[in-house]
Amino acid sequence: MDPRALPPRLVIDPSLPPEISVELRSSPHILRKARSGARMDTTKNPAVLFLLPSFLAMLGVLTGMEGLLVAGMGVGLIVLIRWLAVDSTYRSTRRKLSLAQVHANYYVIPEDLDHPCQMLLRRAQNAVDAIMASRVHKDGLIDSIENQVSLPEEIWQIAQRLRRLSSMHAEHGKLVPRELPPGLEDAFKPYSSALDAAWTSLSRRVRHLEKYAKQVIKADRVYHAHRRLETLAAKTPEYQQLIADTVRDDLAHQRIRELADQAAHVRKLFEESILQARQAAGELIRSPLS
């Protein structure tokens, strides 16, 4: 499936402590429960589980039937083990649900967004993925530390605003009639224009990210060629000797010059592509979302 068609991933505020972030990220289904307002059922009484084994044990004592007493104790042991396992899961789920509710404003799940906003967030995530996976980033040829700090924050800021925009889109759709009475179109227009302006701004921001990613991908390709050429450059004397031995003198000098010129050309392309990637990053950082 085309990654661009996939829904966006969970986004968590990068300023949260790592242990809380890991806990929230580990249970996306709990986050959806918290967002829907779900509550844990506290009406179940665990004592009910022990009614049958208790009854069997008591009956065994009263009637003197050891079989019933043993059966009651056996069933009670099984129920106890099962209850301990269920109770542990219940308490873990309750703790995670409480954590998700307390930090409800520190994460954005796909269900928070309408479809257009989901697709826009996914585009932003894809762009950041491409940057972070690039060799020029991993080798520190672009500002890797800045990327690791600013790009997660960028995704968080975009996700937050898309969540708010989605909510206001839904509210606007409920409040504004499909067919407006004559003469009232202009009264509703400023509200629609405000939503359109917010969408345009966020779309522009994502395009900036995509521009940066394209420059990084371009730099990666040139870097790959540059590294291959560096390997060949170490063998330049062998190639020059081959030319000198096999090509007549008037062509030998030209071919040897071409070897040196081509290496310089690829190095220049590489340096230019890195510079363009850094400039694209600079443009992004200089115009933060406010």
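Start by selecting R95, which is partly exposed, with a relative accessible area of 46%. Keep in mind as you click around that this is a predicted model.

**Stop 1: R95 and its partner**

Which residue meets R95 in a salt bridge? Add E23 to your selection: the side chains of E23 and R95 come together there, with 2.8 Å from N to O. Side chains of opposite charge can pair when their charged atoms come close. Now color the two helices involved. E23 sits in helix α1 (residues 18-25) and R95 in helix α4 (residues 66-102), so this pair ties together parts that are 72 residues apart in sequence.

**Stop 2: zoom out**

Show the whole protein as a cartoon. You should find 10 helices and two strands. Trace the chain from its start and the pattern reads β-α-α-α-α-β-α-α-α-α-α-α. There are 290 residues in the protein, and 29% of them count as buried.

Switch on the surface next. The accessible surface comes to about 18800 Å², and carbon and sulfur atoms make up 59% of that. What about contacts along the chain? Take the contacts with a separation of 6 or more: 81% of them are between residues 24 or more positions apart.

**Stop 3: two helices side by side**

Select residues 115-133, which is helix α5, and residues 144-175, which is helix α7. How do these two helices run relative to each other, roughly parallel or roughly antiparallel? Their axes come within 10 Å and cross at roughly 175°. Angles over 145 degrees count as roughly antiparallel, and α5 and α7 are therefore roughly antiparallel to each other.

Show the side chains where they touch. On the α5 side, pick C117, L120, L121, A124, Q125, V128, I131 and M132. On the α7 side, pick N147, Q148, L151, I155, I158, A159, L162, L165 and S166. Try coloring them by class: this contact has 13 nonpolar residues, four polar ones and no charged ones.

**Stop 4: back to the salt bridges**

How many salt bridges does the structure hold? There are six, and you have already seen the one between E23 and R95. Here are two others to look up.

Select R35 and D112. These two form a salt bridge, and their closest N and O atoms are 2.8 Å apart. R35 belongs to helix α2 (residues 28-35), while D112 is in the loop between β2 (107-108) and α5, so the pair ties together parts that are 77 residues apart in sequence. Turn the surface back on to compare the partners: R35 counts as partly exposed at 23% relative accessibility, whereas D112 is buried, with a relative accessible area of 13%.

Now move to E154 and R205. Their side chains meet in a salt bridge at 2.4 Å, N to O. E154 lies in helix α7 and R205 in helix α8 (residues 185-233), so this pair ties together parts that are 51 residues apart in sequence. Are these two buried or exposed? E154 counts as buried at 9% relative accessibility, and R205 is buried as well, with a relative accessible area of 6%.

**Stop 5: one last distance**

Stay on helix α8 and select K218, which has its place there. At 40% relative accessibility, K218 counts as partly exposed. Then select F270 and draw a line from C-alpha to C-alpha. K218 and F270 are 9.2 Å apart in space, though 52 residues apart in sequence.

How values were computed:
Residues numbered from 1 in each chain as written. Predicted model: local features only at pLDDT ≥ 70, side-chain atom pairs only at ≥ 80, totals over all residues. Heavy atoms only, no water. Helix = DSSP H or I, 4+ residues; strand = E, 2+ residues; numbered from the N terminus. Buried < 20%, exposed > 50% of the residue type's maximum accessible area, 1.4 Å probe, protein only. Contact = heavy atoms within 4.5 Å. Areas by Shrake-Rupley, 256 points an atom, 1.4 Å probe, with all protein chains shown as cover. Axes fitted to C-alpha atoms, helices over the stretch in contact; angles between N-to-C directions. Parallel < 35°, antiparallel > 145°, perpendicular 65-115°, else oblique. Nonpolar A, V, L, I, M, F, W, Y, C, P; charged D, E, K, R; others polar. Salt bridge = Lys/Arg side-chain N within 4 Å of Asp/Glu carboxyl O.
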